[in-house]
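Hi there,

Here is the model I promised to send over. Have a look at it first, and my notes follow underneath.

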Amino acid sequence: MRIIFQIVFFVLGTPLLQAQNYIDLANLSYSITPQNQFEDRDAQTQVEEVEFQFTFPQVLDDKNTFIANVMLESNALRLDPELTQRTTLTSLGLAFGFNHKYSDKLAITYLVIPKIASDLEHITSQGFQLGGLALATLNRNENLNYKIGLYANTEAFGLFLVPYIGFYYLSPSKRFEAYITTINGDINYMLTDKLHIGGDVNGLTSSYALANPYFGTSPEYFAKNTTEFFVYLRYPISKGLYFKAKAGYAITRTHKVFEQDDKVALGLSLFYLGDDRNQLNTPLQKGALFKFELLYRFQL
């Protein structure tokens, strides 16, 4: 679901929307947790994540912009205290579509998002997921934009839908920036001409097919659902290239393994309908995490 965040920030940077005067084209991040305790167990595991995304926009005419986004995400952790080795779960995906300007006030982005999400030991059809995004952006004035949309994906646990409602605001002085939605948010302030301080929160959901069963003989999948809050500092290290240092806490953290056929009726944002699944592994406790990002930003 992280792809939504990158595409939204791209849409905010299109010429239609005057509040934001940049496009985030590339992002590389690394996050790590201290040793996380398994619930009701003495065993611990460290969780490491690496993410890379690159967005390629191509203006076709005065109303249409083609968008392509390449994304890579890798997670490494122990799935259960009985397992001594960490498992690496990887997602490789591509988003492509276009942004169409319907008027001076309204533009809508349409995307198709295929990806492979698994431990990559054996790539099968079970690891293939197909998603889509429709996102409308309404320009209220030169400092304020509204957004409404819907993200859908065929996760390993079943169909997953995320309604998307929010706004983006940039103060007239351009020192204060706020981006708040139903699934994530970012607020930051320019302390000096170079240094920004801010905070963000993200609700994230993803799932991965497992090539070999860990807890029985039937095929399994891993499902991740977290809500993460960070405070951060952002500083430019060269023209267009920014470094972000972030410290945060996982307000919610669920890393669960289920049998492949154990699904929900419908996933809806952070809720699941018809969820009577049987979790196979021992859950992790909540905890602190640290993240470092390199961001390439193109000024319009």
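A quick word on terms: strands are DSSP runs of E with at least two residues, numbered from the N terminus, and two of them pair if DSSP finds at least two bridges between them. This is a predicted model, in which local features need pLDDT of at least 70 and side-chain atom pairs count only at pLDDT 80 or more, while totals for chains, interfaces and linings use all residues. Residues are numbered from 1 along each chain as its sequence is written, and side-chain values use heavy atoms, with hydrogens and water left out.

Strand S8 (residues 128-141) has partners in S7 and S9. With S7 (residues 106-118) the pairing is antiparallel over 11 bridges, and Gln-129 in S8 is the bridge partner of Lys-115. Strand S9 (residues 144-155) also runs antiparallel to S8, joined by 10 bridges; here Ala-136 is bridged to Ile-148 in S9. S8 and S9 form a hairpin, with 2 residues between them.

The largest nonpolar core (buried Ala, Val, Leu, Ile, Met, Phe, Trp, Tyr and Cys residues joined through side-chain atoms within 4.5 Å, buried being under 20% relative accessible area with a 1.4 Å probe, protein chains only) has 22 residues, and Ile-113, Leu-133, Tyr-151, Phe-157 and Tyr-221 touch the most other members. S5 (64-77), S7, S8, S10 and S14 each supply at least two residues of this core. S10 gives the most, with 5 residues. Another core of 12 residues lies apart from it, including Phe-38 and Leu-284.

Happy browsing!

Definitions and conventions: Helices (H or I, at least four residues) and strands (E, at least two) are DSSP runs, numbered from the N terminus. Buried means under 20% relative accessible area, exposed over 50%, partly exposed in between (1.4 Å probe, protein chains only).
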